[in-house]
Structures are given as C-alpha cells and as structure tokens.
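The exercises below are meant to be worked with the sequence and the coordinates open side by side. Each task is followed by a solution that proceeds step by step.

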Amino acid sequence: MADVFIVGIGIHPFGRTDGLSGLQQGAYAARAAMADAGVAWQDIQFGFGGSDASGNADTIVNELGLTGLPFINVKNGCATGGSAMIGAWQGIASGQYDIGIALGFDKHPRGAFNAMPADYSLPNWYGSVGLMVTTQFFAMKLQRYMAHHGITSRSLGRVSEKAFDNAVHADHAWRRAPVDIDTILNAPMINDPLTKYMFCSPAEGGVALILASERKARELGRADVRIKAAAIRTRPPGSFEVFAPGLDIERGGAPTLLASAAAYAMAGVGPEDIDVAQLQDTESGAEIMHMAENGFCADGAQEEWLAEGWTRIDGKLPVNTDGGCLACGEPIGASGLRQVYENVIQLRGHGGGRQVPGNPKTAYTHVYGAPGISGVTILQR
Amino acid sequence: MIVETRIVGVSFDAIRIGMDMETVIIPFATDASGRTVVTYAFAPVQKDASHG
C-alpha cells in the first residue's frame with residue numbers, strides 16, 4: 001500500500017463546553033485541521049467519523065457544507081477514532097482518494113459511563129446486581145495485576161502525578177493544575193486501590209485529522225508525518241475484559257498484545273524504536289499494565305520505571321505527554337484521535353513546555369476498551 | 001472458569017487475595033409481585049460449619 005501522510009490536525013479542547021454539541025465540537029476540530037493543512041471543506045474527497053453518544057458523524061455536512069462527499073459513520077467503542085483513521089488511511093493507501101478526513105467527537109453526561117447490558121450480549125440482571133460498573137472492574141483487574149507483579153500504590157500515584165504535570169503545558173487538556181502525590185494517594189477511594197485522581201472522567205471534545213497521499217502532501221508542503229501502522233484487534237481466548245461475566249482459569253492473550261504485535265510488524269519497528277507513546281490510561285493502573293502489554297517493559301518492571309521517572313517528558317520513553325485520559329478526560333469517539341493529534345504535535349516539535357527532547361521520530365498510540373478491543377498506531381517523521 | 005460476583009459477609013479491610021470463599025445465595029431485590037429475588041455471591045468459608 002502507498003504511504004499516507006497526516007497533513008492537518010485540529011482539536012476542540014477536552015472537558016466541558018456548555019452551549020456546544022458534540023457535533024459542533026467535531027466541526028470546530030475539522031475547521032482547525034483544514035486550516036492547519038491549508039485546504040477547504042470543498043477539497044475533502046471523503047470522510048470517516050464517529051461518536052459514541054453524540055449522534056451520527058455524517059451530519060457534519062450540516063455544519064461544514066453540503067458538498068456531497070461520501071462520509072461513513074463509525075461506531076466502535078473506544079476504537080471509534082482509530083477505526084475512522086484506519087478507514088481514511090485505507091481509502092488513500094488504496095489509491096482511491098488523495099485527501100480525506102478522520103473525525104471523532106463526543107459529549108458525555110457527568111458521572112460514570114452507564115453502559116446497557118444488552119449492548120454487550122449480557123442479561124439485564126448482570127447490570128442490576130452492579131456488575132456493569134466499570135470502575136469496579138478496572139480496580140479488580142488491577143488488584144490481580146498488582147498482586148502478581150509487585151506493583152505498589154505509590155506507582156499508581158506517580159502515574160497520575162505525571163499526567164497532571166504534563167497537562168499544565170497542553171492547551172487542549174481538561175485538568176491543567178498539578179496535583180502532588182500525597183494528595184493523590186490520600187484522596188477519597190473510588191474502588192480500592194484507585195482514588196479519585198486515578199480515574200479519567202467521561203468528558204467532551206472533538207479531534208480531526210486530514211490525511212493525504214504523498215503526491216497531495218507534497219503539493220501542500222506537508223509530507224512530514226506518515227502513518228506507518230494502524231491496527232485494531234478484538235480479544236483472544238483467556239483474556240480478562242470489562243463486561244465479561246467470567247474468565248478462563250488459564251490466562252491467555254489480550255487484545256492489546258495482538259494489536260501491538262500487528263502494528264510493530266506492519267511498521268517494521270519494535271518497542272525499542274519508539275520515542276514517545278500515548279497509552280490508554282482509563283485509570284492509572286491501566287497505563288502501568290499497558291506499558292508491559294505494548295512491549296516497553298517486563299511485567300513488574302514498571303516499579304523501577306516510575307520511580308526513576310523514565311516515562312516523564314525527559315525520560316527514556318515519555319508516556320502520555322498531554323496528560324492522557326487522566327488529565328484530558330475521555331470523550332469516547334475523540335479519545336484515540338487525541339493521542340494521534342498529540343503525537344503529530346510531538347513529531348513536529350510543537351509541544352512547547354511538554355515537548356519531548358531529542359527530535360522524536362517514531363511515535364506510538366494505544367487504546368483499550370469494552371468489550372475487549374485495542375487499537376494501535378505508529379507514526380514516523 | 002473464574003466467575004465474578006459480589007463479596008458478602010466480610011469487612012472491607014479483612015478482604016485478602018487468596019482467602020477461602022464459598023458460593024452463597026443472598027436476597028437482592030423484590031420484584032413487582034413482592035417476591036424476593038436472589039443472586040449468587042461469595043462469602044468467607046465458615047470454619048465452624050458442620051463439615052468442619
């Protein structure tokens with residue numbers, strides 16, 4: 001397949017924006033991405049986009065113009081944004097199109113996600129007895145991981161502390177004030193071992209990417225950041241997933257292991273080649289587990305990594321440089337594209353106070369979500 | 001297969017990974033006809049039970 005470039009990026013700040021719908025936040029991001037690329041809506045040949053809770057993405061034409069372009073709606077849980085990007089990427093890599101848009105946006109009400117059992121092939125009683133509460137699942141999965149691999153609460157605190165420190169420098173982040181580790185560790189417990197500063201919150205926001213063929217990217221003067229890999233995988237046997245009523249006694253793989261391996265193979269690189277990574281941090285333990293699942297360290301080695309600050313901006317592998325989901329919140333449809341947006345910022349060297357030093361060349365994103373899916377992208381400058 | 005459900009009959013601070021548990025049936029709700037609805041749960045094994 002031909003190389004595809006990211007020629008424009010745009011974001012509507014994450015958090016809460018009263019008065020703007022999710023779709024309108026998506027349109028704001030799309031306009032910003034087109035301005036960044038130096039193109040107009042009339043130039044966009046096709047689009048893929050989605051939201052989880054804010055309606056059909058193709059109604060973006062009401063906001064941006066009735067050009068008649070083909071626009072395919074995507075609804076793929078936490079992988080919605082990544083799936084939209086894969087659709088747009090394939091449309092260009094196949095030679096069918098020269099330029100297109102990948103769009104993701106959402107606007108969730110306050111409080112935890114209120115997933116319906118029937119949407120996940122589960123009986124209603126499963127929700128009634130309280131087993132659909134996601135914070136509980138994440139805490140339980142983490143308890144098991146911590147017990148097996150010697151991860152301490154202090155490491156959970158370090159992940160959150162880093163997220164808020166990084167977000168101070170990210171205009172699009174929601175929580176932009178530092179929080180010291182003692183405050184994080186002593187905050188009210190939501191689900192043991194996770195305190196309130198260790199969970200991300202459902203939020204609002206929008207992200208758009210303009211993708212182009214090499215010919216078009218050169219014409220725009222933007223042939224700098226290319227997509228080396230994008231892969232999405234569902235769960236294998238023996239994995240331990242949100243909204244699964246039980247799990248196999250013998251542990252198997254995980255959707256992240258599959259997506260990660262596929263992306264590395266596609267890009268022809270390994271974890272040692274990655275200069276900056278955005279990893280799904282639904283809660284701070286998720287970032288820790290995902291450091292290992294994506295191949296960056298062994299299970300249990302995260303204790304040393306975090307104590308030494310190796311995932312901070314100036315560390316050997318900066319992780320979640322804009323504060324991740326912990327500081328940005330999670331508008332489901334936009335969250336995966338935010339990670340890609342942040343990596344383009346880093347590869348262009350536009351990170352300001354959060355810029356990874358040393359001119360990073362290869363950047364990695366990872367999402368994970370219900371009911372056991374994962375998406376990984378690798379970009380290269 | 002490992003099954004997930006509620007843990008009952010133990011204080012929060014006393015819960016430990018690896019402790020011996022048994023399946024119990026507990027009342028959970030009352031349906032529209034006033035009947036008690038039950039669910040399965042896990043509780044610590046009772047050391048003074050008849051088999052012990």
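**Exercise 1. A strand of chain A and its surroundings**

How many of the 12 residues of strand β1 (residues 4-15) of chain A are buried?

Solution. Bear in mind from the outset that this is a predicted model. A residue is taken as buried if 20 or more other C-beta atoms lie within 10 Å of its own. By that criterion 10 of the 12 residues of β1(A) are buried, so the strand is largely enclosed by the rest of the structure. The next step is to look for its pairing, and here β1(A) is joined by nine bridges to strand β7 (residues 204-213) of chain A, the two running antiparallel. To fix the register, take F5(A), whose bridge partner in β7(A) is A212(A).

**Exercise 2. A second enclosed strand**

Carry out the analysis for strand β8 (residues 226-234) of chain A, and then identify a helix whose buried residues it helps to cover.

Solution. Seven of the nine residues of β8(A) are buried, and therefore this strand is largely enclosed by the rest of the structure. Its pairing with strand β12 (residues 373-380) of chain A is antiparallel and extends over eight bridges, with A231(A) having V376(A) as its bridge partner in β12(A). The helix asked for is α9 of chain A, since what covers its buried residues includes β8, α10 (284-293), β11 (362-369) and β12 of chain A. The buried residues of α9(A) include P255(A), L258(A), A259(A) and Y264(A). As for its length, α9(A) covers residues 255-267, and its 13 residues reach 18 Å from the first C-alpha to the last, close to the 18 Å expected at 1.5 Å a residue. The helix is followed by G268(A), which has a positive phi, near 70°.

**Exercise 3. A buried helix and its packing partner**

Compare the expected and the actual span of helix α13 (residues 332-348) of chain A, and then describe how α3 of chain A packs against it.

Solution. At 1.5 Å a residue, the 17 residues of α13(A) should span 24 Å, and the end C-alpha atoms are 26 Å apart, which agrees. Turning to burial, 16 of the 17 residues of α13(A) are buried, so this helix is largely enclosed by the rest of the structure. Just after α13(A), G349(A) takes a positive phi of about 80°. Helix α3 (residues 80-93) of chain A packs against α13(A) at an angle of about 65°, the axes being 6 Å apart. On the side of α3(A), the contact is made by T80(A), G81(A), G82(A) and M85(A), while α13(A) contributes residues including G333(A), A334(A), G336(A) and V340(A). Sorted by class, this contact has five nonpolar, six polar and no charged residues.

**Exercise 4. Overall form of the two chains**

How does the radius of gyration of chain A, and then that of chain B, stand against the value for a compact globule?

Solution. Begin with chain A, which has 13 helices and 12 strands. With 381 residues, a compact globule would have a radius of gyration near 21 Å, and the 19 Å of chain A agrees with this. Of these 381 residues, 53% count as buried.

Chain B, for its part, has zero helices and four strands. Its radius of gyration is 14 Å, well over the 10 Å that the globule rule gives for 52 residues, so chain B is more spread out than a compact globule. Buried residues make up 0% of the 52 residues in chain B.

**Exercise 5. The sheet of chain B and the contact with chain A**

Work out the strand order in the sheet of chain B, and then find which strand of chain A pairs with β1(B).

Solution. Three strands of chain B form an open sheet in the order β2-β4-β3, with mixed pairing. β2 (6-7) and β3 stand at the edges, each with a single partner strand, so one side of each is left without a neighbour in the sheet. Within this sheet, β3(B) and strand β4 (residues 36-44) of chain B pair in the antiparallel sense over nine bridges, and M21(B) stands opposite P44(B) in β4(B).

Now consider the interface, where nine residues of chain B are in contact with 11 residues of chain A. β1 (2-3) and β3 (21-30) of chain B each supply at least two residues of the side that touches chain A. The residues on that side of chain B divide into six nonpolar, one polar and two charged. The strand sought is β9 (residues 246-247) of chain A, which pairs with β1(B) in the antiparallel sense over two bridges, and L247(A) has I2(B) as its bridge partner.

Notes. Residues numbered from 1 in each chain as written. Chains lettered and ligands numbered in written order. Predicted model: local features only at pLDDT ≥ 70, side-chain atom pairs only at ≥ 80, totals over all residues. Contact = placed C-beta atoms within 7 Å. Nonpolar A, V, L, I, M, F, W, Y, C, P; charged D, E, K, R; others polar. Pairing = 2+ DSSP bridges. Rg over C-alpha atoms; globule rule 2.2 N^0.38 Å. Expected span 1.5 Å × (residues − 1). Axes fitted to C-alpha atoms, helices over the stretch in contact; angles between N-to-C directions.
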